[in-house]
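User: I've got a structure open and I'm trying to get my head around the labels people use. Can you help me see where they come from?

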Amino acid sequence: QIELVESGGGLVQAGGSLRLSCAGSGGTFSNYAVGWFRQAPGKEREFVASISWTDSKYYSESAKGRFTISRDNAKSTVDLQMTMLKSEDTAIYYCAAYLFGWASATQNRDNYGSWGQGTQVTVSS
């Protein structure tokens with residue numbers, strides 16, 4: 001039902017910042033949890049951060065203290081503010097939507113029904 005488009009990726013130096021955005025359409029945006037996942041070459045797609053439909057926020061251990069997830073339901077967007085970027089953050093970043101996603105279930109990529117096309121983040125050292 002819902003469609004997602006990511007934007008904001010690019011090339012940044014280690015220690016720098018980027019802000020990614022996920023825009024939704026075709027559904028009631030506030031009814032969905034939105035998660036950010038990333039995939040590096042040769043690796044599994046892994047959880048980065050999520051925000052539930054009840055506005056609870058979750059972060060991977062790697063993201064904790066450096067990344068901040070937020071949502072604006074009036075604009076149907078979810079942002080991921082990334083700071084103190086490291087070379088190991090280099091990956092394609094995807095946003096995904098999970099209808100009525102709640103609590104720790106939002107950390108499981110198998111629970112998400114809709115995915116964006118991804119945006120590349122490259123951190124140079």
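Analyst: Let's take a few labels and check the values behind them. This is a predicted model, where local features need pLDDT of at least 70, side-chain atom pairs count only at pLDDT 80 or more, and totals for chains, interfaces and linings use all residues. Residues are numbered from 1 along each chain as its sequence is written, and side-chain values use heavy atoms, leaving out hydrogens and water.

User: Why is aspartate 89 called buried?

Analyst: Buried means under 20% relative accessible area, exposed over 50%, and partly exposed in between (1.4 Å probe, protein chains only). Aspartate 89 has 0%, so it counts as buried.

User: What makes arginine 66 and aspartate 89 a salt bridge?

Analyst: That label needs a side-chain nitrogen of Lys or Arg within 4 Å of a carboxyl oxygen of Asp or Glu. Here the N to O distance is 2.7 Å, so the pair makes the cut. Salt bridges with shared partners join Arg38, Glu46, Arg66 and Asp89 into one network.

User: How do you know that arginine 38 and glutamate 46 belong to a salt bridge too?

Analyst: Their closest N and O atoms are 2.8 Å apart, so they pass that test.

User: Which label does each of those two get for accessibility, buried or partly exposed?

Analyst: Arginine 38 is at 7%, so it is buried, while glutamate 46 is at 37%, so it is partly exposed.
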